[in-house]
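Trainee: Could you take me through a single part of this model, slowly and piece by piece? I would like to see how its pieces fit together.

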Amino acid sequence: MKKLKAKLQALKKVDYKKAARDFWYGKPHEERRLGDLYEDKTGLYKHREWRGVKDTLYYFNNIWLYNYAHMVTDVVKGGDPVAFLKGTLRYRWMGQTYLTVMHWYDRGMEGMRGEALRATAWHYRAMTSETIRQFTRMFAADSKLHGGKKNALWYKTLAHDETVSGCIFYPWRDVIDDVPLQMVPYFVSVHVNSDTVLHYIDAVQSIGLPADPCPMCQAEAGIFVLDDYPDYSPLMVTTNEACDGSVATSILQDWFMNKPLFAMPQPMRFDDPLVQEHCQREIEECWRFIEKHTGIPFDWNQYVKYAERYNQLTAFEREKWDVAANSPYYPISGVAQALYRIYYSQDGDRQIWHDTDKKVRRIMEKCVREKIETFPKTRHRAIAWSCAPLYYSHWCTWAYNCWGINCVINMDSLMFDQDLRTDTYEHAIEDLAWFNEKAPMRAMAVGGHDHIFQLWDYMERFHCDMVVMYDQLQCKGMQGIHGMFEDEFRKRNIHAIWVPHALPDKRTVSRGEIRRIISDYMTTVMHEEPLDPSLVDFDDSMSW
Amino acid sequence: MRDLKHLIKFENLLLEANNALVRQAREEGKLALGYTCYFMPEVLLDLPGCFSVRLRAPRSTSPDMATYYMSSRTCLYGRCLLERALEGGFNFLDAQLATETCTVTCRFQEHLQMMNIIQNPKFFCEFIDVPFKKTPNSYEHYRRQLQAHVLDKLHEHYGVDVSDDAIRAAIAQHNEVCRLVTAIGEYRKLDRPTITGFEFQLIQLVTLCCPKYLIIDDLRETLEELKTREPDDRPGYRCKVVMAGSENDDPYFTKLVEDCGALVVADRHCYGSLPGREEIEIREGETPLAAVARHYLDTGMCPRFMEQDVMRSRKQYLADLVREYKADGVILEQMKFCEYWSYERVIDTLVLPRDYGIPVCSIEKEYVNGSSGQLRTRFQAFVESIEIKKIQGGVRG
Amino acid sequence: MMKKILRLAGKLAAIAAAVYGVLFAVFYFDLDGKFLYHVWIPFVNRRYEKLERKDVTKTPYGMTVEKAE
């Protein structure tokens, strides 16, 4: 009875108008207390966020239901659902991540509303769709799932390092599919489920590799050590992008794959005009290798078709940068910007990118036209520099929700900034060489210190008042220039938050530690109060 | 064994980068040209009027300043070089001819560009791009890089004669040094070698770090001495090993290995002679520069090479060395934080015993290791395992 | 006839509404995440641990490699 009375008393104090407003529109940013939604340690939600009626229903119907449904239809479209099932039960990177992908959406889109929610979700959808396309193709051709037999698709699929750009294979795109070997098993899986890749890192260390090389390269090699790679192609194309580690990984991958391999390295000093011809010849040698081992000739018309289509994606990307740099109306979150850009530019032209860009263009134009501030609680416009923590790519979502740090652009988005001319073969190969030289990480991190110091120009261009300096602890290239950055930040009086991490390995620096570092900077240096105090400290140590 | 006359002199020269011979050559008006990597052909830095200095940082302790700039998570070799440069130890350099071949030495050399460390107003640091393969495309690319970023720059900055004749003269001097070092190295192939790994490494290092024209007479004399040097009645070693791996310019590391009973008979590592002391041949129709480019790519055994057959041939090369030098095993040493050798060491450690029956001791080391107890234990255990294997093989035989 | 169609349509609508409601509950209370985390992932992990894997370090390392037939 007492309890009932107390409850009735409490109900009398409720502001029903506000409650109704909050129900309809969602709570204002500062009242959301998103941290209270987490279950301790697991990162699961007690319940998903209520974003107001419109955005919650949008999320439920157009993101959650829509993507779950497409996860089925896309697999069916792949043509071999039995192989898909076998692949899920065979490969750790598949079984641990495929069904859990919606949680990856959740983490990346926490707190989002309106046009930002919509545009960001389309980017995620595109990446999911392309991922499904890739692994359904892998599994359909995979001899390990077909009793050791090499079927017709096996002969018509090309395997390559995830760091070899898909554009290399444009001359064969209509007849052979190129699928990056580690893109799904490594890169995508670590974002969706950060536990998966740890098995691969441990595996390669178990055969004697020291713990210090780049963990991305370790994981890529470890997939082979655990025999967790699909065998879907008669050959392999590798590259040196972007570092010593990626070159060295080829040593082990070559052994374990034990099939014809072509190494297509790019020059390190790529600004030097003298290296361009060398790079072009390397690409041509790669093409000859493909012709030799597939028996399918190079097709100039196919190259032109896909290069010109890809140029459309580059053109739109530049429009996006323009909006991001010069207005508060950019509807794409920091994590979507970073991941979508690296994915599509590395993968090369696919129809899904064009479909997505069409949708995002409509949203972005609406935001600009109607002056919709998509991240209205922005206190700081940040540029993220160097290689990002893959196991916490959505740190920028948290940073915006908690501190109003809006990560408007990041380093890896800014690579591959190259149009591909198709008027003559000479122009085409020249531009293709440049394109490959400006690949992720290498565009800034190699070829001279002036590349990595382009940060200052980009800060100005994107009107950023803060730098989030990713500090990949096992990247020798970035560690090797750490002190110069410290000196420059001091000299230029720049607010720079160093975020240490180990790329895909969350054990070295946890997500919680990253949050603590950012929060400490915001309180002790910036003297700011959090927008959402419930996000300052919480335990997600057992989360995906 | 009877002491070799010049070894103490060589050992003393190696205690400083700016040693007595370097100072003498500079006083004579020669240009000191620094480099770190095999892919920077030392022969081009030995053009008339110049001498090459492969950089070392002997007697390094704790590179605190360099660690600020390059963090504690990069290889000590690169950091110690930067520390030495910040201390003024490389102020004698007139130029640094750099390669972007391994990340950390690349960053070290970029610091030389960025920070105005070398107190020499005419000093410059110039990079070349080095190919990753041994193909005609690569040879041509490498040749162009050497022309534009080494020869043209030396001529532009210092008026160095970079003509074909000048290169031929440098090749001639280089080849003579190679002949001498190779001849000295032949004594390591004997059933009972008459030169230790430590002694050989001192000789090899002085040819890399001192003006060649000032040590060539000493090398000739050393070779003469070796012709009559007798091995000890009771050898001071219990087995013979090939030393393979990453950067190793520390003769006291080799001494540590030999103190544990393993005679180092071949040096297949950066700053070693295998490869490194093969004569450069100018073929019919080749310019001297083209010959240099082809030579350094063809002879290189760096794990940086990515072609499939080249990657695979490195294991065979090691196995061939073991046979040629009558070694009992291989010590695979890897500088901590060297990514190339991290991976290469994994595969060598697994494949050499499995496919070639060659025992392997696989270790990680720092830049300076002389007093490492842990390493000593590893080497001693390795020596004992080889002895046991020999005994068991003898019993079975 | 019309009544039957309408009754059928009504039943279908009710079923659809119920399914929609259930799905919304799954969505809102993160039941999919909880299922995956507590049931699916442990299940597949156990399976992967038990799978027999080839020892790749036994792969030959010759100068020639498998060529596509």
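Mentor: Gladly; let's stay with one chain and start from one pair of residues. B:Ala32 stands opposite B:Phe51, which belongs to strand S2 of chain B. What you see is a predicted model, where local features need pLDDT (the predictor's confidence in each residue, from 0 to 100) of at least 70 and side-chain atom pairs count only at pLDDT 80 or more, while totals for chains, interfaces and linings use all residues. Residues are numbered from 1 along each chain as its sequence is written, while chains are lettered from A and ligands numbered from 1 in the order in which they are written.

Now widen the view from that pair. Strand S1 of chain B, residues 31–35, is joined to S2(B) by five bridges, and the two run parallel. Here strands are DSSP runs of E with at least two residues, helices are runs of H or I with at least four, and both are numbered from the N terminus. Two strands pair if DSSP finds at least two bridges between them.

S1(B) and S2(B) belong to an open sheet of four strands, with the order S2-S1-S3-S4 in chain B and parallel pairing. At its edges stand S2(B), residues 50–54, and S4(B), residues 124–128; each has a single partner strand, so one side of each is left without a neighbour in the sheet. From one strand to the next, the twist averages 25°. (Axes are lines fitted to C-alpha atoms, for helices over the stretch in contact, and angles run from 0 to 180 degrees between N-to-C directions.)

A helix lies across this sheet. Helix H6 of chain B, residues 136–158, crosses S1, S3 (95–99) and S4 of chain B, and runs at about 165° to S4(B).

Further along the chain, look for another sheet. Four strands of chain B form an open sheet in the order S6-S5-S7-S8, again with parallel pairing. Its edge strands are S6(B), residues 262–269, and S8(B), residues 360–365; each has a single partner strand, so one side of each has no neighbour in the sheet. Neighbouring strands are turned by 25° against each other on average, direction ignored. Within this sheet, S5(B), residues 239–245, pairs with S7(B), residues 329–335, in the parallel sense over five bridges. One point to find there is B:Val242, whose bridge partner in S7(B) is B:Val330.

Helices pack on this sheet as well. Helix H10 of chain B, residues 251–259, touches S5, S6, S7 and S8 of chain B, and its direction makes about 145° with that of S6(B). Helix H13 of chain B, residues 339–356, touches S5, S7 and S8 of chain B, at about 165° to the direction of S7(B).

Finally, step back to the whole chain. Chain B has 14 helices and eight strands. Its C-alpha atoms fill a box of roughly 70 × 45 × 40 Å along the principal axes. Of the 397 residues in chain B, 56% are buried, that is, with 20 or more other C-beta atoms, placed from the backbone, within 10 Å of their own. Among contacts in chain B with a separation of 6 or more, 74% come from residues 24 or more positions apart; a contact means that two C-beta atoms, placed from the backbone, lie within 7 Å.

Conventions. A residue is buried if 20 or more other C-beta atoms lie within 10 Å of its own, exposed if 12 or fewer, and partly exposed in between; C-beta atoms are placed from the backbone.
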